[in-house]
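User: I have a model here and want the reasoning behind the labels people put on it. Can you take me through it, one term at a time?

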Amino acid sequence: MDRYARWNALLEMLTDSGRVTVEEAAERLDVSQATIRRDFDQLAQQQMITRTRGGAVANGVSYDLPLRYKTAKHSAEKQRIGAAAAALVSPGTVVGLNGGTTSTEVARALAVRPDLNTNAEGAQLTVVTNALNIANELLVRSRMKVVVAGGVVRPKSFELVGPLGGALLREVTLDVALLGVDAIDPLLGAAAHHEGEAAMNNLMVARAKRVVIIADSSKLGGHAFARICPVDRVETLVTDSGAAPEVVDAFRAAGVHVICA
């Protein structure tokens with residue numbers, strides 16, 4: 001297990017219990033106590049946890065890890081979700097795509113589709129995004145038209161937020177918005193940890209004919225700080241095969257088409 005995977009695991013432990021000792025973490029992750037102490041110290045330096053004598057306590061109820069630390073988490077599931085979501089896109093359409101690790105997999109899957117990368121009239125895809133890394137993925141690997149919303153960069157997610165980007169989004173129409181989220185619940189809807197990202201995503205929803213939420217099974221039934229949209233605005237949910245059947249049934253009962261990749 002690499003360092004970033006350990007950090008994810010440690011933060012999940014703290015989310016569940018609120019407090020974790022060095023000995024407990026070392027035993028559960030099968031690493032040395034010295035390694036856990038270093039991990040705790042580094043997480044505390046980034047103000048993601050509070051160090052205590054012999055362990056650590058949670059700083060809050062949820063964590064928004066920097067994107068570069070999230071890449072190893074549920075990576076296989078996210079690749080399958082990305083491929084399934086990209087398959088929903090037709091040539092010649094305008095697609096909205098936000099930031100995040102799952103959205104990055106969607107972008108990579110779109111970039112390698114030959115039918116979206118030809119020079120034939122009407123076959124080129126237009127992607128509107130507020131994420132710098134998504135724009136880079138598409139620009140260096142495809143011939144798609146890429147439109148980037150302006151704003152202030154959030155270093156954790158590489159997403160642009162704020163009124164500058166909102167001004168652009170209000171002037172475009174999207175055939176489909178493919179949105180990664182921090183949580184989605186059949187009653188509470190889709191949500192993000194950061195209110196600025198949620199606001200930009202909400203604008204994409206408002207400008208889209210269709211809304212597709214892309215979320216691995218760990219995010220289903222959860223909640224986050226800022227709502228993106230109610231569940232009745234979501235046409236399709238693309239998740240992985242690890243989703244609990246009762247949760248999938250709840251989304252379907254709410255009128256959402258669910259694809260388990």
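Analyst: Let us begin with one loop residue. Beyond its neighbours within four places in sequence, Ser-217 contacts Thr-239, Asp-240, Gly-242 and Ala-243. Keep in mind that this is a predicted model. Ser-217 sits in the loop that joins strand 12 and strand 13.

User: Why is Ser-217 called partly exposed?

Analyst: Its relative accessible area is 23%. Buried needs under 20%, and exposed needs over 50%. Ser-217 meets neither cut-off, so it counts as partly exposed. In space, its C-alpha is 23 Å from that of Met-204, with the two positions 13 residues apart in sequence.

User: What makes Met-13 buried or exposed?

Analyst: The value is 5% relative accessible area. The buried cut-off is under 20%, so Met-13 is buried. Met-13 belongs to helix 1, residues 3–17. Leaving out residues up to four places away in sequence, Met-13 touches Gly-18, Val-20, Ala-25, Arg-28 and Leu-29. Its C-alpha is separated by 18 Å from that of Ala-34, 21 residues apart along the chain.

User: Why is helix 1 called oblique to helix 2?

Analyst: The two axes come within 11 Å and cross at roughly 125 degrees. That angle is outside the 65 to 115 range for roughly perpendicular, and it is not over 145, the mark for roughly antiparallel. Helix 1 is therefore oblique to helix 2. The crossing of this pair is right-handed.

User: Which residues make the contact of helix 1 with helix 2?

Analyst: Helix 1 brings Arg-6, Ala-9, Leu-10 and Met-13; helix 2 brings Ala-25, Arg-28 and Leu-29. By class, these are five nonpolar, no polar and two charged residues.

User: How do you know what to call the angle between helix 2 and helix 3?

Analyst: Helix 2 covers residues 22–29 and helix 3 covers residues 33–45; their axes come within 9 Å and cross at roughly 115 degrees. The perpendicular range is 65 to 115, so helix 2 is roughly perpendicular to helix 3. Helix 2 passes helix 3 in a right-handed crossing. Val-22, Glu-23, Ala-25, Ala-26 and Leu-29 of helix 2 meet Gln-33, Ile-36, Arg-37 and Phe-40 of helix 3. The contact splits into six nonpolar, one polar and two charged residues.

User: What stands out about Asp-30?

Analyst: Asp-30 has a positive phi, about 60 degrees, although it is not a glycine. Asp-30 is in the loop between helix 2 and helix 3. Its relative accessibility is 70%. Exposed means over 50%, so Asp-30 counts as exposed.

User: And what label does Phe-158 get, and why?

Analyst: The relative accessible area of Phe-158 is 31%. That falls between the 20% and 50% cut-offs, so Phe-158 is partly exposed. Phe-158 lies in the loop between strand 7 (152–154) and strand 8 (159–161). Phe-158 also has a positive phi, near 65 degrees, in a residue other than glycine.

User: What makes helix 6 mostly covered?

Analyst: Helix 6 spans residues 101–111, and 10 of its 11 residues are buried. Among them are Thr-101, Glu-105, Val-106 and Leu-110.

User: Why does the pair helix 6 and helix 7 get its angle label?

Analyst: Helix 7 covers residues 132–141, and it packs against helix 6 at about 15 degrees with axes 9 Å apart. Under 35 degrees counts as roughly parallel, so helix 6 and helix 7 are roughly parallel to each other. Their crossing is right-handed. Ser-103, Thr-104, Ala-107, Arg-108 and Ala-111 of helix 6 meet Asn-133, Ile-134, Glu-137, Leu-138 and Arg-141 of helix 7. The classes are four nonpolar, three polar and three charged.

User: Which residues have the most contacts inside the largest nonpolar core?

Analyst: They are Ile-184, Ile-213, Ile-228, Leu-237 and Phe-251, in a core of 32 residues. Elements supplying at least two residues each include strand 9 (174–180), strand 12 (208–214) and helix 10 (245–253). Helix 9 gives the most, with five residues. A second, separate core has 24 residues, including Val-95, Val-127, Met-144 and Ile-214.

User: What does Phe-251 touch?

Analyst: Beyond four places in sequence, Phe-251 contacts Ile-184, Asp-185, Pro-186, Leu-220, Val-231, Leu-237, Val-256 and Val-258.

Notes: Residues are numbered from 1 along each chain as its sequence is written. This is a predicted model: local features need pLDDT of at least 70, side-chain atom pairs count only at pLDDT 80 or more; totals for chains, interfaces and linings use all residues. Side-chain values use heavy atoms; hydrogens and water are left out. Buried means under 20% relative accessible area, exposed over 50%, partly exposed in between (1.4 Å probe, protein chains only). Helices (H or I, at least four residues) and strands (E, at least two) are DSSP runs, numbered from the N terminus. Axes are lines fitted to C-alpha atoms, for helices over the stretch in contact, and angles run from 0 to 180 degrees between N-to-C directions. A crossing is left-handed if the near helix is turned anticlockwise from the far one by less than a right angle, and right-handed if clockwise. Contact means heavy atoms within 4.5 Å. Ala, Val, Leu, Ile, Met, Phe, Trp, Tyr, Cys and Pro count as nonpolar, Asp, Glu, Lys and Arg as charged, and the others, Gly among them, as polar. A nonpolar core is a set of buried Ala, Val, Leu, Ile, Met, Phe, Trp, Tyr and Cys residues joined through side-chain atoms within 4.5 Å.
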